[in-house]
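Trainee: Could we go through this one together? I'd like to know what stands behind each label.
Mentor: Sure, ask away.

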Amino acid sequence: MLGVLRGMGITLKNFLASYVLPRRPDSLETGGIVTVQYPEERLPEKENFRNFPFLVFDGTVDNIRCVSCDICAKECPPKCIYIVRDTDSEGKPLKRPKVFDIDFTVCMNCGICEEACPFDAIFMDHEFEIGGPERQKSLVYHRDDLLKSTAHFQKIRPTDFAAIEERRKKDAEKKAAAQATVQAAAQPKPQTPPSPQP
Amino acid sequence: MDPIFVNSKKALLNLFSAFLPDWTVVLVSIFISIGAIMVLGPFTMMYLTWFERKLLGRIQNRIGPNRVGIFGLLQPIADGVKMLTKEDIVPEGADKAVHLLAPIAIVIPSLLVFSVLPFGRNMTAVNLNIGVLFFLAVSATTTLSIFMGAWASRNKFSLLGGMRSVAQLVSYEVPMVLSVVPVILAAGSLSTVDLVESQGGWNGFKWFVFTPWGFTAFITFYLSGVAECNRTPFDIPEGESEIVAGFHTEYSGMKFALWYMAEFMNVFTVSGLTAVLFLGGWQGAPGLPSWAWFFIKTYALVFVMMWFRGTLPRLRVDQLMGLAWKFLLPLTLVNIFVAGLWFFIPDLRWRVGTAVALLGLTFWALMALNRTALPEKRTYEFAE
């Protein structure tokens, strides 16, 4: 009997509070409306959110990082990536993909492609609003649909972007240094005096 | 402002009487009343669904429908269009004729009882001298329609729901009728109009609910009324978690909508009758028109019904039957006795004292007798 009245009190309190308290999505404890009216209102995206891969290019679209090594396609558990290497006019293979298709109806958003890629060319996006009028064609994303700039990557995942850029810079320096030593070893340097023999 | 509806009807009749013979004017008068009720009933139902969804949403910290029209006000129309265009599925083994008739048959009594509700001063469609009896008798026939629908569906869940519905409605009919008796004793009439008029006085606030027996009868009548409407927490005939949807499992499209129409119109009429019997109907402070008072009280009671729905879980069948037979029935019987004493004892202090003492004692005794037998708390020595 008293329990019923107390319950009625709680529901009435929630009913009235929904008009008085400000609307917040995190107000489950305090009361007040928790609904986020999605298409018009959105929750802020979390940085660690990962969904659907995209291809990164540096600066211009021609500068695509992918070298079409096919590692991601081999690692992909549901096998949703399809890559064909590009060739130049003489039929010599080039270090970039001609075809890079991801079937988003098959992709399960595991992120293994991102982990597997040794060239930092493919990353998980914050995209979740994809859709199409039919099941087959419109959800297969081609190379040009997947291309997004490094600026986009920096915008959605600044922490990861900073870490990866740091590593890439170091790698590049190391590579340059290595190249320099290789070059130094390959050709004798006339300017430098021979080191004194002990 | 008060007689605006009455006067507009008179104006219409004057208009018709200018060129129609007298006997047709009577017919026109009847048709105007019928038309008003036929519009009011479904319209009330449509907006009660909207009201209920909004209210339940707010109780659950949601917004409720707000997509169709401002505040979702056009939602009932969208729902209606959806219901009308849906496929009407009849089960293969169903009794086709009865399956079709049942939802129609349930709407008719729900609309009929509107005719004896006094919506305001001189605003009763038919002033029957047995108005309350008419209301109770006609609304009791919904049991038959529900059972028709349940039986005709040839579905076990439907039939179970129908059986439960019959058991519940027959049980709650008893305390419902018995709790009206004190009011009839006080007013000396069965007519709803007389009942409201006998509650005039005290500046329009001499309602029966302010007497001890009136208050008790109000509670018992209202609880039985909620049960009569098959609404939570008494909705075992259509308990979704137990028997799919009970008696309307096999209904779709507009037939399904008719079941809901009947349910929501019952909600409105039962609330209206409660307001008429105990809350003074259209009586109230003179500032507002009489029909406004009626609708305020009715919608307040409707609000409480929906508030119940937002709060209470469904009762078990035995708890439900126990409430009717072991609690409400004895309480209403004692209440009739108390009301009799009330008019027998001349001194005000004595009669209030006797009534409160008797009712309090009964309430305490019934609570004590109906206490759930809890087993002794066991201690598990080796489980610690």
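Trainee: What does V107(B) touch, leaving out residues up to four places away in sequence?
Mentor: V107(B) touches L258(B), M261(B), A262(B) and M265(B). Keep in mind that this is a predicted model.

Trainee: What makes those four count as touching V107(B)?
Mentor: Contact means heavy atoms within 4.5 Å, so L258(B), M261(B), A262(B) and M265(B) each meet that cut-off with V107(B).

Trainee: Which residues of the largest nonpolar core touch the most other members?
Mentor: V107(B) again, along with F221(B), L277(B) and F278(B), in a core of 84 residues. Helix α11 of chain B, residues 253-278, gives the largest share of this core, 14 residues. Apart from that core lies another, of 22 residues, with I83(A), F104(A), C107(A) and I122(A) among them. As a rule, nonpolar side chains in soluble globular proteins tend to be buried together.

Trainee: Which residues of helix α5 of chain B are buried?
Mentor: In α5, residues 131-140, the buried ones are G131(B), V132(B), F135(B), L136(B), V138(B) and S139(B). They pack against α4 (96-112), α6, α7 (156-187), α8 (192-197), α9 (212-228) and α11 of chain B.

Trainee: On to the cavities. How many of 30 Å³ or more turn up in the whole structure?
Mentor: Four. The largest holds about 110 Å³ of space, and 14 residues line it. Closest to its centre are I106(B), I146(B), N230(B), F247(B) and E263(B).

Trainee: Why is that space called a cavity rather than a pocket?
Mentor: Because a 1.4 Å probe fits at its points but cannot get out, whereas a pocket is an open set.

Trainee: Which elements give two or more residues to the lining of the largest cavity?
Mentor: α6 (142-152) and α11 of chain B. The largest share, four residues, comes from α11(B).

Trainee: Over to R65(A). Why is R65(A) called buried?
Mentor: Its relative accessibility is 8%. Buried means under 20%, so R65(A) counts as buried.

Trainee: Where is R65(A) placed?
Mentor: R65(A) is in the loop between β1 (51-57) and α2 (71-75) of chain A. Beyond four places in sequence, R65(A) touches ten residues' worth of company that I'd rather just name: V56(A), F57(A), D58(A), F119(A), D120(A), A121(A), F123(A), T150(A), E165(A) and R168(A).

Trainee: What makes the link from R65(A) to D58(A) a polar contact?
Mentor: The two side chains come to 3.1 Å. The cut-off for a pair of N or O atoms is 3.5 Å, so the pair falls within it.

Trainee: And F31(B), buried or exposed?
Mentor: Exposed, because its relative accessible area is 54% and exposed means over 50%. F31(B) is in helix α2 of chain B, residues 22-59. The C-alpha atoms of F31(B) and L329(B) are separated by 41 Å, with their places 298 residues apart along the chain.

Trainee: What does the secondary structure of chain A come to?
Mentor: Six helices and six strands, running α-β-α-β-β-α-β-β-α-β-α-α from the N terminus on. Of the 198 residues in chain A, 28% are buried.

Trainee: Which domains does the assignment give for chain A?
Mentor: Domain 1 (11-42) and domain 2 (51-175). Their C-alpha centres lie 40 Å apart.

Definitions and conventions
Residues are numbered from 1 along each chain as its sequence is written. Chains are lettered from A and ligands numbered from 1 in the order in which they are written. This is a predicted model: local features need pLDDT of at least 70, side-chain atom pairs count only at pLDDT 80 or more; totals for chains, interfaces and linings use all residues. Side-chain values use heavy atoms; hydrogens and water are left out. Buried means under 20% relative accessible area, exposed over 50%, partly exposed in between (1.4 Å probe, protein chains only). A polar contact is a pair of N or O atoms within 3.5 Å; within protein, one must be able to donate a hydrogen and the other to accept it, and residues adjacent in sequence count only if both atoms are side-chain atoms. A nonpolar core is a set of buried Ala, Val, Leu, Ile, Met, Phe, Trp, Tyr and Cys residues joined through side-chain atoms within 4.5 Å. Domain bounds come from an automatic or database domain assignment. On a 1 Å grid over the protein atoms alone, a cavity is a set of points where a 1.4 Å probe fits but cannot get out, and a pocket is an open set with protein on both sides within 12 Å along at least five of seven lines; lining residues have an atom within 4 Å of a point. Grid points are joined across faces, edges and corners, and a volume is the space filled by probe spheres set on the points.
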